[in-house]
Amino acid sequence: MNACLRLCAALCLLSGAAAQAQAPAPAAAEPRLVSVSGQGEVSAAPDRARLSMAVEQTDPDLKTAQNKVNGIVRAYLAQARALGVKDEDISTAGLSIRSEYDYSNNSARKFLGYHVTRNIELVVRDLDKIGDYLQRATDAGINNISDPQLESSRAEDLQRQALVKAAQDAQAKAKLVADTLGVKLGAVRSISAGSAAPRPPGPVPRVMMAAAAAPSGNEDMGFAAGEIRFSSNVSAEFDLVP
C-alpha cells in the first residue's frame with residue numbers, strides 16, 4: 001500500500017513539472033521608442049570654378065578641320081595662362097572626330113565633312129576673373145561653352161559639418177518629444193544618415209552669348225558667385241525610459 005502511495009506521489013510531481021515546462025513564458029514588454037529625423041545645412045562661398053568648353057569645326061578635309069581646332073585651342077590656352085591658370089588645372093584630353101552626312105535626299109547621302117571636337121576644362125581659382133576667361137574664350141573662337149560649375153575646396157569638411165547639424169537636430173527633436181511626454185530619453189537604437197549633392201548658387205545664366213557681348217570681367221557679365229549649400233539628414237530611433 002505504501003509503495004502505491006509513493007508511486008502516485010511521484011507521478012503527480014512529474015505531471016506538475018511537465019505542466020510547468022509546457023506553460024508559455026510571459027510576453028516581453030514592447031520597447032517604447034521614438035523615431036525622429038533631423039536635417040542640417042551649411043553654406044559657404046565657392047573658392048574655385050570649373051569651366052568646360054569645346055571647339056567644334058567641320059571641313060571636307062580632316063587635316064584642315066584638325067588644324068583649325070588645334071589652332072583655336074592653342075590660342076585660348078595662351079590667353080588662359082596669361083590670366084593666371086596653372087598647367088595642372090588645364091585638361092584638353094577630350095577629342096572626337098566623326099563624319100557628317102546630309103540625309104535630306106532619301107536616295108543617297110551626301111558627305112559634308114569631318115566634324116572635329118576638342119574639349120577644354122579649366123579650374124579657375126580666382127573667381128574675379130571668370131568673366132575674363134569666358135570673354136577670351138569666345139574671342140579665340142571657342143564656340144561651345146557650358147555654365148561655370150562653382151565648387152569649394154572645403155567640400156568634404158563642410159559636408160561633415162552639415163551631418164553634425166543633422167544629428168544634433170535629430171537628438172533635439174527626440175528630447176523634445178520625451179520631455180513633452182514626461183519620460184526620459186534613453187539610448188539610441190538605430191541610426192541612418194545621408195547627404196545630398198551640394199547645391200550651387202541659383203542658376204548661372206548661359207554665358208556663351210553674354211560673354212560675346214560683354215567687354216570684359218564679371219561686372220559686365222553680371223556674374224556673381226553666391227554660396228554653395230551642403231545638406232545632410234539623419235534618421236534615428238531612441239528608447240523612451242519611464
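1. Ser 152 is in contact (heavy atoms within 4.5 Å) with Asp 47, Arg 48, Leu 158, Ile 228 and Phe 230, neighbours within four places in sequence left aside. The residue sits in the loop between strand S7 (149–151) and helix H4; helices (H or I, at least four residues) and strands (E, at least two) are DSSP runs numbered from the N terminus. Ser 152 counts as buried because its relative accessibility is 6%, the limit being under 20% relative accessible area with a 1.4 Å probe and protein chains only. A polar atom of the Ser 152 side chain lies 3.1 Å from the backbone nitrogen of Arg 154.

2. On the source: this is a predicted model, in which local features need pLDDT of at least 70 and side-chain atom pairs count only at pLDDT 80 or more, while totals for chains, interfaces and linings use all residues. Residues are numbered from 1 along each chain as its sequence is written, and side-chain values use heavy atoms, with hydrogens and water left out.

3. Helix H4 covers residues 155–181, 27 in number, and spans 40 Å from first C-alpha to last, close to the expected 39 Å. The expected span is 1.5 Å times one less than the number of residues. Its buried residues are Leu 158, Gln 159, Ala 162, Ala 166, Ala 170, Ala 174 and Ala 178. In an α-helix there are 3.6 residues a turn, so residues three or four places apart point the same way. Just after H4, Gly 182 has a positive phi of about 75°.

4. The buried residues of H4 pack against strands S1 (33–44), S8 (184–195) and S9 (228–241). These 3 strands form an open antiparallel sheet in the order S1-S9-S8, where pairing requires at least two DSSP bridges between two strands. S1 and S8 are the edge strands, each pairing on one side only. S1 and S9 pair over 12 bridges, and Val 34 stands opposite Phe 238 in S9.

5. The largest nonpolar core (buried Ala, Val, Leu, Ile, Met, Phe, Trp, Tyr and Cys residues joined through side-chain atoms within 4.5 Å) has 27 residues, and Tyr 76, Ile 120, Leu 122, Tyr 133 and Ile 142 have the most contacts inside it. Strand S2 (48–59), helix H2 (62–83), strand S5 (110–124) and helix H3 (130–140) each supply at least two residues of this core. H2 gives the most, with 8 residues. A second, separate core of 11 residues includes Ala 174, Val 234, Phe 238 and Leu 240.

Conventions:
Buried < 20%, exposed > 50% of the residue type's maximum accessible area, 1.4 Å probe, protein only. Polar contact = N/O pair within 3.5 Å; in protein donor to acceptor, adjacent residues only side chain to side chain.
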